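Please work through the following exercises with the sequence and the model at hand. Each task is followed by a solution in steps.

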Amino acid sequence: MKSPVLLTVTDRKQQQLAKFCYWDEFEQQLYIDARKLFPNEGVVTIIGWDNMMLNAQDIPDYPSYFKIMGWPNQPQFSDWRKQIPKWVQDSCALFPSHQMTLLHYAGKYPQVLELLDHAPMLAWRLITSRLEEPEIVALLSGKRSQIAATVGWPGKAETIKFLTNLRLRWVNNEIAEQIETCLLDEQRLSALQALPRINSMALSLAARFPELIGSKLHHALAQLPCRPMQCQSMVALLEDAYRAAEFLRLQENIVDKIGQCRYLVEVSELYQAWLDLAVNQARHEKITQHAATQQHLQQRLTAEPQALHGLDDWIALSQIQQHIWLTEYDVNEQGADKGVLLAWKDEEGVWAALTYSHLPDSPQAIHKTMEMHSVLRVRGLENRLPGAKQLSTLHLWQASQLRQE
C-alpha cells in the first residue's frame with residue numbers, strides 16, 4: 001500500500017533499494033544492498049515471513065527510516081514480500097518509520113500480530129518505545145491497558161477503545177501528535193468514546209476543535225473516507241469559520257450552528273453568509289461595493305505577488321476569493337503586527353497570502369531573516385488551499401524581498 005503523503009527526497013531514494021535486493025530462497029533471507037545509496041547501512045538482511053514465525057534469534061536493529069512496504073515490486077523483492085499476508089503489509093505501511101521492526105515482531109510474536117490487527121497504533125508505539133525485546137515480550141502477556149501505560153498513555157479501558165476505533169489510512173508526525181493530544185486530554189478521550197469509528201478527519205477535528213466532539217458534524221465526518229488534503233481543507237475551513245465568528249462577535253447559539261451542520265458544504269454556506277456580514281460591517285453605510293472595484297483589482301494582479309493597501313482592496317479580494325481577509329485588517333492598519341496581505345494570479349486563479357514580519361528577540365538573531373517573515377495563511381478561490389506551485393511562488397517572492405533588505 002503506497003503512502004498517500006508526498007514523498008521526501010530520502011523516501012524516493014530508499015524506494016530504489018527494491019532494485020538492489022537478493023532473495024535467498026534456501027536460506028529464506030532477503031539481502032538489501034544499500035552500499036551505493038546509503039553507505040552507512042551497508043547490506044541489510046531481513047528474514048522471510050515464514051522464517052520469522054520459527055526463528056528464535058533476537059530481532060535485529062533495522063534502519064528505522066526504511067519504508068519497505070512502500071517499495072515498488074521488483075522480482076527479488078517481490079519474492080520476499082509475497083509470503084506476507086496483504087493485511088499485514090497494509091498495516092505496517094500505515095507508519096512512517098520502523099516498518100521492518102514492526103513486521104518482524106508481528107511475524108515472531110502472535111500477540112503483536114493480534115495487536116497490529118486490532119490496535120495498530122498501539123503495536124507501533126510499543127515497538128518504537130525503546131524497550132528491549134525481553135521487556136516487550138513481558139508486556140505482551142499482560143493487559144493492553146498496561147502496555148498503554150508503559151508507553152506513556154493513560155492505562156485505562158477508554159484508551160484501548162479509542163485506539164481500537166481508529167481507522168487511519170496513514171500515520172505521519174502530525175497525526176501521531178493528534179492522537180497524543182486526544183489521549184492525554186481526559187475530556188477529549190471521554191467524549192470520543194461515543195464514536196464507533198474515528199478516521200483522520202474525525203481525529204483532526206477532535207484534536208483541533210474539542211468543542212465539536214460528538215456533534216452532528218463530527219459524527220458525519222467520521223463516516224467519510226478522506227485523503228490528506230481533505231483533512232487539511234476541513235481544518236482550514238473550520239478555522240476560518242471560527243475566526244469569522246469571533247471577528248463578527250456572533251452569539252454562541254449562532255456559532256453553534258457549525259456543529260449542527262451535517263456536511264462541510266453547509267459549513268461553507270454559513271461562512272459565505274458571514275462573509276457578507278463582515279463586508280457590510282467593514283463598509284458601514286456603504287453596504288455593497290461596486291463590481292468595478294473587484295474588476296480593477298483583478299486587472300492589476302500579475303504572476304508576481306504584490307502587497308494590497310487600503311480597505312477597498314481588502315474588501316475586493318475578500319469578495320473575489322470568498323475568503324474573509326478582513327478579520328486581520330484592523331491589526332494590519334494599526335501596524336502592531338506588521339501584517340501584509342499579498343495577492344497574485346496564475347492559471348489556477350487568484351491567490352493571496354497573509355504574511356507577518358517581526359524583529360527577532362535579540363540583535364544576535366537578526367541574520368535569521370526567513371524566521372522574521374512568516375506566512376500565516378494562504379488561500380485561493382473559495383478557500384482553496386495552495387499547492388506546491390503557489391507556495392513556491394510565495395517563497396521565491398519572499399526570498400527576493402530579503403535580498404533587497
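The exercises below concern a predicted model.

**Exercise 1. The chain as a whole**

Task: State how many helices and strands the protein chain has, and describe its burial, contacts and exposed surface.

Solution. Begin with the secondary structure: the chain holds 22 helices and seven strands. Next, consider burial: of the 405 residues, 47% are buried. Then turn to contacts between residues at least 6 apart in sequence: 63% of these join residues at least 24 apart. Finally, the surface that the protein chain exposes comes to about 20,800 Å², and carbon and sulfur atoms supply 51% of that area.

**Exercise 2. An open sheet**

Task: Determine the order of the strands in the three-stranded open sheet and the sense of their pairing.

Solution. First, read the order, which is 1-2-3, with antiparallel pairing. Second, identify the edges: strand 1 (21-24) and strand 3 (43-47) each pair on one side only. Third, note the twist, which averages 20° from one strand to the next. Fourth, examine one pairing in detail: strand 1 and strand 2 (residues 29-33) run antiparallel and are joined by four bridges. Within this pairing, Cys21 lies opposite Ile32 of strand 2. As background, strands of a sheet pair through backbone hydrogen bonds, in either a parallel or an antiparallel manner.

**Exercise 3. Strand 5 and its partner**

Task: Decide whether strand 5 (residues 339-346) is largely enclosed or largely open, and describe its pairing with strand 4.

Solution. Start from the burial of the residues: six of the eight in strand 5 are buried, so this strand is largely enclosed by the rest of the structure. Now take the pairing: strand 4 (residues 306-307) meets strand 5 in the antiparallel sense, over two bridges. One facing pair is Ala307 and Leu342, the latter in strand 5.

**Exercise 4. A residue of helix 8**

Task: Classify Glu133 as buried or exposed, and list its contacts beyond its neighbours within four places in sequence.

Solution. Locate the residue first: Glu133 belongs to helix 8 (residues 133-140). Its relative accessibility is 10%. Buried means under 20%, and therefore Glu133 counts as buried. With neighbours within four places in sequence set aside, Glu133 is in contact with Asp58, Ile59, Tyr105, Lys108 and Tyr109.

**Exercise 5. The span of helix 15**

Task: Compare the span of helix 15 (residues 228-248) with the expected value, and describe Arg249.

Solution. Helix 15 has 21 residues. From its first C-alpha to its last, helix 15 reaches 30 Å, close to the 30 Å expected at 1.5 Å a residue. Just after this helix, Arg249 adopts a positive phi of about 55°.

Notes: Residues numbered from 1 in each chain as written. Predicted model: local features only at pLDDT ≥ 70, side-chain atom pairs only at ≥ 80, totals over all residues. Heavy atoms only, no water. Buried < 20%, exposed > 50% of the residue type's maximum accessible area, 1.4 Å probe, protein only. Contact = heavy atoms within 4.5 Å. Expected span 1.5 Å × (residues − 1). Areas by Shrake-Rupley, 256 points an atom, 1.4 Å probe, with all protein chains shown as cover. Pairing = 2+ DSSP bridges. Axes fitted to C-alpha atoms, helices over the stretch in contact; angles between N-to-C directions.
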